[in-house]
Amino acid sequence: MSIVTVQLGQCGNQVGHELFDVLCSDALEGQRKVYSTAVCERFFHQTSRGELVARAVLIDMEPKVINQSMSRAAKCGMWRYGESSHFSQKQGSGNNWANGYRVHGPRHRDVVEQLVRREVERCDRLSGLMAIMSVAGGTGSGVGTYVTQCLRDIYPKTFILNHLTWPYGTGEVIVQNYNSVLTLAHLYQLSDAILVHENDTVHRICGQLLNIKHISFGDVNKVIAHQLGSVLQPALTADSHGVYGRNPLGELVSALACHPEYKLLSVCTIPQMPSSSMAYSTFSWPSMLKHLRQMLISNTKMEEGKSCIDWQVRPPAASERTRSLTGSSFNRSLANLLILRGKDVYSAETGGFEDPALYTSWLSSEAAFNSWKSPVPFNKYEKCATLVSNSQTLLRPLDNMVGKAWNMFASRAYIHQYIKFGISEEDFLDSFTSIEQVISSYNQLH
């Protein structure tokens, strides 16, 4: 079954391009016919000349980034975008969610829906739709939210996954916290699951793990694409009986988002290192999974070595499982999906992630934990472990974002910029209420 990707705004189009680059180069690496065929069916369609064309729609209110993405894809020689699978205008959304959501989105609804419908009709079987966007700017967040709403209206029973890039905490755009609150509040009603990458975390991975001295947005996007690709590439599920999973988005949502109050997903991948170091490095599954488990329970965002992971954090005793651990550094999970790829993958022991103490008391660990495996190495890593988690991981950045947005709102800063495009103070208050409910739900996860 196939996934149609909708790339929205500058960030969405840049991340989307890097993602398809990773998916295609990984599929074509070595002799792996069954795996390669599954990747191509999932993410590409083939022309009569054998060219791989991404199952993607590119949307932006300015043409520059789309033109760059299409040109780079065509030049790589492995794959390309469809010649008529994009839409852009001459003027952006001015980093204003309201402008994107209330003006540009409705104005161009028909043409965008037609592009998506055409791409969906090329699929023999549709697994779902994935929207890639940022929450900081105007087009990615505002138009992205509106397009997601349209997709939900047209395809009410289709799985929709939103991939969001979270802006730097120090600020990329002065109104990014407004845009983030409005985006998340609306997407929570529309999307089946919301997978988040934080720019601050990815930036640290680039500097501390990949040893990149002068970090560009391209470097950040490559890391995001690597982690996202490790989630989306074909793998064997417990119920697939030796055949690669047929419904990737459905299986992902079913494994992780079993309750409508809990839709926020984070992702962590190990190892990550410069390509020049791979030949001199060896990894064992026991060591990798020990580190990944401790990163999960201590809410450590990246593997920085033993000295940087808090090994003192432990899951609560059985007597403490039914109450909220206020002030505790333990990161409680609703559900976890562990995806293992590479050499000797079937020898990997995943019992540490099945511990009931990691999870809420009202869901059995058998239902809360799933594991997918593939013996095919991913993106040149001999072994690769990715954990997709529905847990309290994103509570702190979410709380910080809401706090900053509320402080601005209380002083009425920049509110007039939204009101002039039809967003009222009531809309803001509704969005704050919605996100506060999400925060409350995750805080009470016990």
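1. Let's start with a hollow you can find for yourself. In this predicted model, the second largest cavity is lined by Ile-59, Met-61, His-104, Gly-105, His-108, Arg-109, Val-112, Glu-113, Val-143, Tyr-146, Val-147 and Cys-150. Its volume is about 70 Å³. By type, the lining of this second largest cavity splits into 7 nonpolar, 3 polar and 2 charged residues.

2. Which helices help to build that lining? At least two residues each come from helix 4 (97-107), helix 5 (109-121) and helix 6 (139-154). Helix 6 makes the biggest contribution to the lining of the second largest cavity, with 4 residues.

3. Helix 6 deserves a closer look. With its 16 residues, helix 6 spans 21 Å from first C-alpha to last, close to the 22 Å expected at 1.5 Å a residue. Is helix 6 largely enclosed or largely open? Because 13 of its 16 residues are buried, helix 6 is largely enclosed by the rest of the structure.

4. Now find Leu-8, which sits in strand 1 (residues 2-8). Leu-8 has a relative accessibility of 1%, and buried means under 20%, so Leu-8 counts as buried. Setting aside neighbours within four places in sequence, Leu-8 is in contact with Asn-13, Ile-59, Ala-131, Ile-132, Met-133, Gly-140, Val-143, Gly-144 and Val-147. Try picking out the pair Leu-8 and Ile-132: they are 124 residues apart in sequence, yet their C-alpha atoms are 6.1 Å apart in space.

5. How many cavities of 30 Å³ or more does a search of the whole structure find? The search finds 6. The largest cavity has a volume of about 240 Å³. Around this largest cavity there are 22 lining residues, and those nearest its centre are Ser-266, Val-267, Cys-268, Lys-301 and Thr-393. Two or more lining residues come from each of strand 8 (193-198), helix 8 (199-209), strand 9 (264-270), helix 12 (285-297) and strand 12 (383-391). The lining of the largest cavity is made up of 10 nonpolar, 10 polar and 2 charged residues.

6. Last stop: Thr-201, a residue of helix 8. Is Thr-201 buried or exposed? The relative accessible area of Thr-201 is 9%, and the cut-off for buried is under 20%, so Thr-201 is buried. Apart from neighbours within four places in sequence, Thr-201 is in contact with Lys-301 and Met-302. You have already met Lys-301 as one of the residues nearest the centre of the largest cavity.

Note on methods
Residues numbered from 1 in each chain as written. Predicted model: local features only at pLDDT ≥ 70, side-chain atom pairs only at ≥ 80, totals over all residues. Heavy atoms only, no water. 1 Å grid on protein atoms, 1.4 Å probe; cavity = no way out; pocket = protein on both sides within 12 Å on 5 of 7 lines; lining within 4 Å. Points joined across faces, edges and corners; volume = space filled by probe spheres on them. Nonpolar A, V, L, I, M, F, W, Y, C, P; charged D, E, K, R; others polar. Buried < 20%, exposed > 50% of the residue type's maximum accessible area, 1.4 Å probe, protein only. Contact = heavy atoms within 4.5 Å. Expected span 1.5 Å × (residues − 1).
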